[in-house]
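Me: I'm new to this structure and would love a close look at one part of it. Could you walk me through that part and then show me how it sits in the rest?

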Amino acid sequence: PNAEQASDPFEYSYDLDKHEYADVDWDNLGFGLVQTDYMYVMKCSYDGKFEQGQLRRYGNIELNPAAGVLNYGQAIYEGTKAHRKKDGNLLLFRPDQNAMRMKIGAERMCMPSLSVDQFIDAVKQTAQANKRWVPPPGKGSLYIRPLLLGSGPILGLAPSPEYTFLTYASPVRNYFKEGSAPLNVYVEEEYDRASRGGAGGVKTITNYAPVLKALTRAKSKGFSDVLYLDSVHNKNLEEVSSCNIFIVKGNVISTPATSGTILSGVTRRSIIEIARDYGYQVEERVIPVEELSEADEVFCTGTAVGVAPVGSITYQGKRMEYKTGAGTACPQLYSTLVGIQTGQIGDKKGWIVEI
Ligand code: COI
């Protein structure tokens, strides 16, 4: 049976012709939620062991009002993408990196974590079960969102007694409404994203709602996103609400070192490696905000964002502009990354899992 015919809401059936597509306007995909057929659910009860996970029809989940995630924000998430190859197979990009990051995040947030193999299996099953939602080659990807949340009830502040791991997916293309045009970024000085000793380095959901204030304010003024500075000195670059940041000066590409307040992005790590392969000198270090005025080029990286050129950054009322387009590092690095992700460039690094 195909997905529409599955009558049991928990039935696992996605026996589709490999070229069959869902009814999506593939030319107008952005980064909005398109609800797909299946999600993968796995529970972990009091003994800290995850039960056998299963695919279920995509839909609302039931939570106790006292669930740890609802009251105390105990949850972490991941983001990874599946691309459709021309022959119809799906390509996952470094899902082991997301699995390992989730393990580190779970430890920080006092949650049990599933194994790397369990995580990769969940991502594979989610991608395959929703295969008809994976865009045609060149039209985007299936964004896969694994979530680990404290689903058990708890009144006093303590780790939740029960956890749920779930993975859902949505076809996506460009994250920003600018499409692939250069971003205009605003340097935030009133609000911080993360503080020393906090959880800025892990992908906890509690890193995201607090930036909405600065983000919506900047967007209302026409900016694409917000760049945060370190909370101790209000002086060094940290990251953007939705992605990591890189600056380019000559042959040197620099990005803030991940020392606890900055998310260790999988795309960030991959771009560092690709840039070194091209002969750039890549530095992970403290970057004072003043260096923005000397940079030739700036770009952002993230799973959702990809590698996005920055056309301008506004700091203390001063707008600094950067080179974008042909001859800059960003398109060269991005096309190599996308080439590997879509199977057009041979994967010599063992980054691709083909399913
Ligand atoms: C991702 O890039 O996968 C993220 O989780 C960022 C999010 C703000 C969409």
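Which residues of helix 5 are buried?

Reply: Happy to help, and one thing to keep in mind from the start is that this is a predicted model. The buried residues of helix 5 are Val266, Thr267, Arg268, Ser270, Ile271, Ile272, Ile274 and Ala275. The helix itself covers residues 266-277, twelve residues in total. From its first C-alpha to its last it reaches 17 Å, close to the 16 Å expected at 1.5 Å a residue. Just after helix 5 comes Gly279, whose phi is positive, at about 95°.

To see one of the links from this helix to another element, pick out Ile271, which is among the buried residues of helix 5. Ile271 is in contact with Val307, and Val307 belongs to strand 15 (residues 306-315). Val307 counts as buried because it has 26 C-beta neighbours inside 10 Å. Leaving aside neighbours within four places in sequence, the other contacts of Val307 are Phe299, Thr301, Cys330, Leu333, Tyr334 and Leu337. Gln341, by comparison, is 34 residues along the chain from Val307, and their C-alpha atoms are separated by 13 Å.

The ligand is a good next stop. The residues around it are Gly79, Ser242, Gly302, Thr303, Ala304 and Val305. By class, this shell has two nonpolar and four polar residues, and no charged ones.

For another helix to set beside helix 5, try helix 3, which spans residues 116-129 and has 14 residues. Helix 3 reaches 20 Å from its first C-alpha to its last, close to the 20 Å expected at 1.5 Å a residue. Its buried residues are Phe119, Ala122, Val123, Thr126, Ala127 and Ala129.

You met a positive phi at Gly279, and there are residues other than glycine with one too. Arg94 has a phi near 45° and lies in the loop between strand 5 (90-93) and helix 2 (95-108). Arg94 is buried, because 22 other C-beta atoms lie within 10 Å. Asn234 also has a positive phi, of about 55°, and sits in the loop between strand 9 (225-229) and strand 10 (237-240). With 13 other C-beta atoms within 10 Å, Asn234 is partly exposed.

Now step back to the whole chain, which has six helices and 17 strands. Its radius of gyration is 20 Å, close to the 20 Å that the globule rule gives for 355 residues, so the chain is as compact as a globular protein of that length. Along the principal axes, its C-alpha atoms fill a box of roughly 60 × 55 × 35 Å. Of the 355 residues, 41% count as buried. Among contacts between residues at least 6 apart in sequence, 70% join residues at least 24 apart.

Finally, a word on confidence. The chain averages a pLDDT of 93, and 95% of the residues score at least 70. Over residues 1-14, though, the pLDDT is below 50, and this stretch has 21 contacts in the model beyond near neighbours in sequence. Where pLDDT is low, the predicted coordinates should not be read in detail. For the complex, the predictor gives an ipTM of 0.98 and a pTM of 0.93.

Note on methods: Residues numbered from 1 in each chain as written. Predicted model: local features only at pLDDT ≥ 70, side-chain atom pairs only at ≥ 80, totals over all residues. Helix = DSSP H or I, 4+ residues; strand = E, 2+ residues; numbered from the N terminus. Expected span 1.5 Å × (residues − 1). Buried ≥ 20, exposed ≤ 12 C-beta atoms within 10 Å, placed from the backbone. Near = placed C-beta within 6 Å. Nonpolar A, V, L, I, M, F, W, Y, C, P; charged D, E, K, R; others polar. Rg over C-alpha atoms; globule rule 2.2 N^0.38 Å. Contact = placed C-beta atoms within 7 Å. pLDDT = per-residue confidence, 0-100.
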